[in-house]
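Subject: Structure handover

Hello,

Here is the structure I said I would pass on. Please open it first, then read my notes below.

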Amino acid sequence: MEKKKKIVILCGGKFAFRSLQLLAIEKFLYGIAIGKGSKTIIDSLEKETSNSGLPFKSFPTKKSVLAMREWLDEIQPDYIFSISFPFLIPESVLSYGYDKFINFHPAPLPRYRGAMPIFEVLRNQENKTAICAHFMNDKFDQGNIIFNDPITIEKSETYGSLTIKLSNRMSQIVLNVANMLEYGTKIPSFPQNEDDACYYEKPELLDTYINWKSMNAIEIIALINACNPWNVGADATLLGEQIKIISAIAIDERHYDSTVGTIIAITDDGMIKVACSDNEVIAVKILATDEGIMTSQQYVQLKKIDECSLI
């Protein structure tokens with residue numbers, strides 16, 4: 001029986017683990033490289049590859065990626081798949097074979113280029129995202145597209161839940177592409193439309209901060225979900241204190257003459273109602289303070305908030 005194509009995975013952490021497992025089961029996995037991962041993950045991958053006899057390499061910095069070409073020349077894989085690898089692959093490495101490098105991007109291209117597209121699609125209240133398989137070049141997320149595989153975003157989706165959904169789907173897509181390469185002579189692709197392109201930088205504090213004056217309730221909930229759990233929650237100011245809101249819901253209620261960003265009431269089950277722009281209201285369920293992560297009810301007790309103090 002003819003041996004299967006030898007595929008090396010370039011990854012950035014546990015997002016790729018399901019894909020690694022499936023490729024290993026199907027006898028495609030030939031080697032693993034990780035860039036800038038945690039020590040726990042690196043040690044785990046190194047142990048697994050050692051036990052299974054697979055080549056393993058860590059590329060912890062941008063500069064270290066230059067040594068990737070020597071490693072590839074030594075182990076001679078047929079294809080190199082990238083799943084959340086954090087560094088740009090230079091021309092000197094890509095010249096190993098320009099049709100051999102395929103990236104799997106967790107958002108539709110070219111609309112959502114960048115390092116954290118899962119955050120962006122949630123913050124922008126998209127109801128669909130995608131996994132895009134594309135050939136790699138010397139620019140982030142700009143190579144020819146093989147396909148965009150659409151994925152539905154549920155109404156209450158968080159960064160965490162969508163990441164798990166994408167990771168699971170990614171493994172099937174990666175395996176599908178491996179099978180395409182196994183049985184096909186050439187994978188068709190097409191250039192990205194630059195008129196539709198948008199590149200998002202990695203989020204900073206300004207991107208994760210709730211602006212009570214300019215954001216309505218739905219925009220605030222979308223930001224909170226987009227920050228949960230990677231940023232612990234959306235950054236905000238409440239009662240003059242810097243906090244993070246981890247979970248909240250928009251409620252079908254209006255406020256009038258209340259200052260936005262202030263607590264206007266406490267629900268019977270202890271949730272904090274906060275005034276938003278356009279006279280809208282959200283109810284905060286879980287938040288994080290310097291004292292720790294807590295429910296709204298615990299926060300109310302800690303700050304000694306009662307209905308009388310809100311009048």
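The notes below take one helix and then two single residues.

First, a caution: this is a predicted model.

Helix 1
Start with helix 1, which covers residues 17-25. Four of its residues to look at are Ser19, Leu20, Leu22 and Leu23, which are buried. What do the buried residues of helix 1 pack against? Their partners are three strands and two helices: strand 1 (7-11), strand 2 (29-34) and strand 4 (79-83), along with helix 2 (39-52) and helix 6 (159-183). Just after helix 1 comes Lys27, with a positive phi of about 70°.

Leu94
Next, go to helix 4, residues 91-94, where you will find Leu94. Leu94 counts as buried because its relative accessible area is 0%, and the cut-off is under 20%. Neighbours within four places in sequence aside, Leu94 contacts Ile89, Phe101, Met136, Asn137 and Asp138. Ile80 sits 14 residues from Leu94 in sequence. In space, the C-alpha atoms of Leu94 and Ile80 are 9.8 Å apart.

His134
Last, strand 7 (residues 128-135) holds His134. Is His134 buried or exposed? His134 is buried, with a relative accessible area of 2%. Residues up to four places away in sequence are again left out of its contacts. His134 then touches Phe101, Ile102, Asn103, His105 and Leu109. His134 also touches Asp141, Gln142, Gly143, Asn144, Ile145 and Ile146. Phe101 is a contact of Leu94 and also of His134.

Best wishes

Technical notes:
Residues numbered from 1 in each chain as written. Predicted model: local features only at pLDDT ≥ 70, side-chain atom pairs only at ≥ 80, totals over all residues. Heavy atoms only, no water. Buried < 20%, exposed > 50% of the residue type's maximum accessible area, 1.4 Å probe, protein only. Contact = heavy atoms within 4.5 Å.
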